[in-house]
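Have a look at the model below and keep it open while you read. We'll take a short tour, one feature at a time.

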Amino acid sequence: MNARTQYKLNYKLTAADLEVVLALVRTGKLAEAGERLSLDASTVFRSIQKLEKGLGQRLFERSRTGYQANELAQELAVHAEQMEAQLEAARSAMQMQPDQVAGTVRITTTDTILHGLLAPVLKPLQLLHPLLSFDLHAGNELASLTRRDADIAIRASKRPPQHLIGKHLGPIRVALYAGKTSKIRHFDADVAQRHHWIAPDDALPEHPSVVWRKKHFPRLQATYKVNSILTVAELVGKGLGLGILPLFLAQGRKDLVPLTNVLDECQTELWLLSHTEARHLRRVSAVYSYLSQEIMLN
C-alpha cells in the first residue's frame with residue numbers, strides 16, 4: 001500500500017493527460033474522444049490505461065454503454081476545462097487587435113427561440129463583430145455548458161441550474177391559436193371538443209401547454225403530435241387544428257388567429273445562460289452581453 005501511494009504521488013501529470021481525461025469525460029466513448037483529440041480510439045485507450053496505472057487508481061468505470069467518469073476523473077476534468085479556457089483566451093489574444101473579438105461561439109437553444117428571437121439579432125451582431133462565427137444547436141435536449149458542448153444557452157426554465165451564470169430575459173407568455181383559414185374565431189369547451197389539436201409529443205411530456213390541456217380537457221388527445229413548438233405553429237397556420245404558441249412566435253404572423261387571452265398557467269421564463277469558465281473568454285463575454293441587451297421579453 002505504501003509503495004502504491006508513493007508511486008501515485010510521484011506521477012507527473014501532464015497537460016496531455018488532462019486533455020485525454022476531459023475528452024473522455026465529455027463523450028464517454030473512446031472513438032468520440034479520439035475524434036476530439038485527432039487520435040484513434042486505441043491511442044486514447046492506452047493513454048487512459050497509462051494514466052490510471054501512474055495514479056494507482058481507476059478513473060473510469062467501463063460498461064457496454066461507454067466510460068463513466070468517477071469522482072477523481074470529474075475533478076481532473078474541471079482543472080482541464082480551466083486550462084482549456086485559459087489556452088483559448090491566450091490564442092484569441094494573440095490573434096486579435098485590441099478592439100477586435102474573434103473566434104467561434106457555440107449557442108444552444110430550441111428551434112422556436114432560434115427562429116423567433118435569436119435569428120433576428122444575429123446579423124447586427126455579426127456586423128458588429130465580423131471576425132466572429134457561430135455554431136448554432138437547436139434541440140429540446142440541453143447541450144451541456146459544464147462539459148463545454150456549448151458556450152451559451154438560451155432556454156425556457158423556471159429555475160435555471162445554480163452553477164451557471166444566468167440573466168432573466170423575461171416571461172414567455174402563450175395563448176391558444178387557430179389558423180386564419182379555419183374560420184374559428186372563438187374558443188369554448190364545444191370548440192375544443194370539435195376540432196383537432198396540435199401539440200408537443202411524448203418527448204416533452206411536461207411542456208406547459210401539454211399540462212394545461214390535460215388539466216382542462218383531460219379526455220382530449222392531440223391529433224398531431226410533433227417534436228417542436230415551431231412545427232406546432234406551422235401546422236396551426238395551415239389550418240390543421242388548434243395549438244398553444246408563444247406570443248413572440250405568433251405575433252406578426254397573418255396566418256394565425258388568437259382564440260384566448262394569455263394563458264397565465266402556461267407561463268415560463270426565458271434565461272440566458274453561460275458557464276463561469278466560458279464567460280472569461282472575450283468572444284463569449286461579447287456575445288453574452290449583446291444578447292442580454294437585445295433579447296428581452298416584456
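## Two loops with an unusual backbone angle

Start at the loop that runs between helix H3 (30–37) and helix H4 (41–55), because that's the place of Ser-38. Keep in mind that this is a predicted model. Ser-38 isn't a glycine, yet its phi is positive, about 60 degrees. Why does that catch the eye? Most residues other than glycine have a negative phi. Is Ser-38 buried or exposed? With 69% relative accessibility, Ser-38 counts as exposed, because the cut-off for that label is over 50%.

Now jump to the loop between strand E7 (174–179) and helix H7 (189–194), where you'll find Lys-183. Lys-183 is another residue other than glycine with a positive phi, here near 70 degrees. Its relative accessible area is 66%, so Lys-183 is exposed.

## A little hairpin

Next, find strand E1 (residues 60–63) and strand E2 (residues 66–69), which pair in the antiparallel sense over 4 bridges. How many residues does the hairpin use to join E1 to E2? The answer is 2 residues. If you want one pair to pick out, try Phe-60, whose bridge partner in E2 is Ala-69.

## The nonpolar cores

Time to look inside. In soluble globular proteins, nonpolar side chains tend to be buried together. Here, the largest nonpolar core has 43 residues. Those with the most contacts inside this core are Leu-118, Ile-154, Leu-270, Leu-291 and Ile-295. Which helix gives the most to this core? That's helix H6 (residues 111–128), with 7 residues. There's also a second, separate core of 20 residues, and Val-21, Ala-33, Leu-55 and Leu-59 are among them.

Zoom in on Leu-118 to see what being in the largest core looks like. Leaving out residues up to four places away in sequence, Leu-118 touches Ile-107, Thr-109, Ile-113, Leu-136, Ile-154, Leu-291 and Ile-295. Ile-154, Leu-291 and Ile-295 also appear among the residues with the most contacts inside the core.

## A helix with a buried face

Last stop: helix H8 (residues 208–216), where Ser-209, Val-210, Trp-212 and Arg-213 are buried. Try looking down the axis of H8: the buried residues fall within an arc of 160 degrees, so they line one face of the helix.

What covers these buried residues of H8? The cover includes strand E8 (198–200) and strand E10 (243–246).

Methods. Residues are numbered from 1 along each chain as its sequence is written. This is a predicted model: local features need pLDDT of at least 70, side-chain atom pairs count only at pLDDT 80 or more; totals for chains, interfaces and linings use all residues. Side-chain values use heavy atoms; hydrogens and water are left out. A nonpolar core is a set of buried Ala, Val, Leu, Ile, Met, Phe, Trp, Tyr and Cys residues joined through side-chain atoms within 4.5 Å. Buried means under 20% relative accessible area, exposed over 50%, partly exposed in between (1.4 Å probe, protein chains only). Contact means heavy atoms within 4.5 Å. Two strands pair if DSSP finds at least two bridges between them. The arc is that of the directions from the helix axis to the C-beta atoms.
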